[in-house]
Amino acid sequence: KAKEAKADLELCLELRPDHLLARLRLATVHMATEDLEGAKRNLEMAAEIDPDSSEVHSYRGELHFAQGEFVEAKAEFDRAITCDAG
């Protein structure tokens, strides 16, 4: 299923590279399949699309956490909270 989801999301992003939700969902597919570099790449692109998105920062926090980068994870989670408050 992950392979099919990845293909569908990549097609969507070919048509609309600035589609934030598709970019975030593709990052989660990469995380689920342990392709952390793919997840990181897509989250960086998502941050370029909407740098003030709480979802972007939350997912980036999850990625840092998965990589054992706890200080960076906390910073991203804090940023997500700040984005929601603003």
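Author: In this predicted model, a residue is called buried when its relative accessible area is under 20%, exposed when the value is over 50%, and partly exposed in between.

Reader: Why is Glu 76 called buried?

Author: Glu 76 has a relative accessibility of 11%. The limit for a buried residue is under 20%, so Glu 76 counts as buried.

Reader: What makes Arg 60 partly exposed?

Author: The relative accessible area of Arg 60 is 24%. Partly exposed covers the range between the 20% and 50% limits; therefore Arg 60 is placed in that class.

Reader: How do you know that Arg 60 and Glu 76 meet in a salt bridge?

Author: Their side chains come to 3.3 Å, N to O. A salt bridge requires a side-chain nitrogen of Lys or Arg within 4 Å of a carboxyl oxygen of Asp or Glu, so the pair qualifies. Arg 60 lies in helix H4 and Glu 76 in helix H5, 16 residues apart, and the pair thus links distant parts of the chain.

Reader: What makes the pair of Asp 52 and Arg 79 a salt bridge?

Author: The closest N and O atoms of Asp 52 and Arg 79 are 2.8 Å apart. Since the cut-off is 4 Å, the pair is a salt bridge. Asp 52 belongs to the loop between H3 and H4, and Arg 79 to helix H5 (residues 70-85), so this bridge ties together parts that are 27 residues apart in sequence.

Reader: Why is Asp 52 called exposed, and why is Arg 79 called partly exposed?

Author: Asp 52 has 51% relative accessibility, and exposed means over 50%, so Asp 52 counts as exposed. Arg 79 has 34%, which falls between the two limits; Arg 79 is therefore partly exposed.

Reader: How many salt bridges does the whole structure hold?

Author: A search of the whole structure finds five. Among them is the pair of Asp 18 and Arg 16, at 3.5 Å from N to O. Asp 18, with a relative accessible area of 45%, is partly exposed, and Arg 16, at 44%, is partly exposed as well.

Reader: Which helices supply at least two residues each to the largest nonpolar core?

Author: This core has 11 residues in all, including Leu 20, Ala 27, Leu 43 and Tyr 59. Helix H2 (20-32), helix H3 (36-49) and helix H4 (54-66) each supply at least two of its residues. A second, separate core of five residues includes Leu 13, Ala 22, Leu 26 and Val 29.

Definitions and conventions
Residues numbered from 1 in each chain as written. Predicted model: local features only at pLDDT ≥ 70, side-chain atom pairs only at ≥ 80, totals over all residues. Heavy atoms only, no water. Core = buried A, V, L, I, M, F, W, Y, C linked by side-chain atoms within 4.5 Å. Buried < 20%, exposed > 50% of the residue type's maximum accessible area, 1.4 Å probe, protein only. Helix = DSSP H or I, 4+ residues; strand = E, 2+ residues; numbered from the N terminus.
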